[in-house]
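Here is a brief report on one structure. Sequence and coordinates come first, then the notes.

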Amino acid sequence: MPITAELPVRALNTNDMKVLSLASLGGALEYYDFIIFIFFASTFSGQFFPSDLSPFWKTLNTYGAFAIAYFMRPIGGVIMAHFGDLLGRKRMFTLSIVLMALPTFCIGFLPTFEHIGYAAPVLLLVMRMLQGIAIGGEIPGAWVFVSEHVPAKHVGLANGAVTSGLTLGILLGSLIALLINSSFSTLDIASYAWRIPFLVGGVLGFITVYLRRYLHETPVFKEMQALRQLSENLPIATVWKDHKPSILISVLATWLLTAGIVVVILFAPELMKSATFNIPAKVTLTMQSFTIIALAMGCIFSGHLCDRLGVGKTFMLMCSGLAVSSSVFYHSIGQVDYLTLTAMYIITGFFVGSAGCVPSIMVHAFPAPIRFSGLSFSYNLSYAVFGGLTPLLLGIATRINPLSASCYVLFLSIMGVGCGWYLLKISLKS
């Protein structure tokens, strides 16, 4: 007897809204824990590495510590997805937040290089590795969890809402960073204030663990259990053997997502306040905050359009908008006033909301028995390679050409249009 891939056709009910709210809130807090590191990258370079290192090597080491978490994502994703496909979505969904909250809280207490020497960067790397393992299971788990709870006709909107929640975690990090930079002097931040966001993040993570106890296992997984149609083989082996086209389209879609989140949202403020453009940090953080709000709205909008127009048309539309808006934004840095540049950044952020299409692409690419493993493997593999290496490579490339980021985003936006065309083509055939 086949598994029902979709839930009964109905409207969103109160329970669906509770699942979406708790999943989005938990994802936002966990992503805050993961991403807050980048907002204090310059502080970490001074506190956790030898003072006699050149600025270049300090920057490289710091971004390396940021990247190591990305490289650990596939490990965490594959392990948690494996048990999520065999033992249940909810258990892994809760475990991921525990694995994130603990190291985040510990970072807030880490001794610096001045106190324990080279053990300081080693401990920092270990904490970042644990965070990478946790986030590797969290985001795919959230997408699968809500997709198997809500009605089929609202899967796009549900995933767009969860992705929007994840981006609000970046906003929370940006606002905390802005608050810290506004409330403390540079010396105070370097001395102790940088620890505050990590301690707050750890506490919020433990609160999220408590809230997730009110969630229930997905109806789709319960049905697979009842019909004894859980994967009998190693789920990841089945994914690799039988679903290579699904892996490829998922990897490419995630690559675009990394460009939007890592390059446009996280890296652009660093570019703007660099010596090349010298825009004040408080200005770039404020611009970033408004842009993240636009990104959150774009994710919900694109998710809704996926339900109405189909994911192929929606992806083509949003990626085309990203290609144009990002090119205009990057070429305007240092050329226009701050208000105009902010408006351009906000519009670009809205089209980065193409990220809201990505979970819909992947959820529908893999059948239910191996969905968690397929989605998690593809997403985390792509994010580890492209999300992890991009800050390092762009940090070097922008020293040669400040507009390297613009070329990179433009290339991937065009690739995204091609992916959308492919998805539209195969949907018309089916």
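## T43 and its surroundings

T43 sits in helix α2, which covers residues 41-47. This is a predicted model. Is T43 buried or exposed? The relative accessible area of T43 is 16%. Buried means under 20%, so T43 counts as buried.

Which residues does T43 touch, leaving aside those up to four places away in sequence? The contacts are I189, A190 and W194.

## Nonpolar cores

The largest nonpolar core has 108 residues. Within this core, Y31, F39 and Y330 touch the most other members. Helix α12 gives the most to this core, with 16 residues.

F39 has contacts with I170, G173, S174, A177, L266, L285 and Q288. That list does not count residues up to four places away in sequence. There is also a second, separate core of 8 residues. Among them are I236, V239, I247 and V251.

## Helix α11

Helix α11 runs over residues 235-242. P235, I236, T238 and V239 are buried there. Seen down the axis of α11, these buried residues fall within an arc of 160°, so they line one face of the helix. Two of these names return from the cores: I236 and V239 belong to the second core of 8 residues.

## Helix α15

Helix α15 covers residues 338-352, which makes 15 residues. At 1.5 Å a residue, α15 should span 21 Å. The end C-alpha atoms of α15 are 21 Å apart, so the model agrees with the expected span.

The buried residues of α15 are L341, T342, Y345, T348, G349 and V352. They cover an arc of only 125° around the axis, so they lie on the same side of α15. What covers them includes α12 (244-272), α13 (281-309) and α14 (311-332). At the start of α15, D337 makes a link to the backbone: a side-chain oxygen of D337 comes within 3.1 Å of the backbone nitrogen of L339.

## Helix α17

Helix α17 spans residues 371-400, with 30 residues. What span should α17 have at 1.5 Å a residue? The expected value is 44 Å. The end C-alpha atoms of α17 are 42 Å apart, which agrees.

Where does α17 bend? A kink of about 40° lies at T390, shortly before the proline P391.

Definitions and conventions
Residues numbered from 1 in each chain as written. Predicted model: local features only at pLDDT ≥ 70, side-chain atom pairs only at ≥ 80, totals over all residues. Heavy atoms only, no water. Helix = DSSP H or I, 4+ residues; strand = E, 2+ residues; numbered from the N terminus. Expected span 1.5 Å × (residues − 1). Bend = angle between axes of the 7 residues up to and from the residue. Buried < 20%, exposed > 50% of the residue type's maximum accessible area, 1.4 Å probe, protein only. Arc of directions from axis to C-beta. Contact = heavy atoms within 4.5 Å. Polar contact = N/O pair within 3.5 Å; in protein donor to acceptor, adjacent residues only side chain to side chain. Core = buried A, V, L, I, M, F, W, Y, C linked by side-chain atoms within 4.5 Å.
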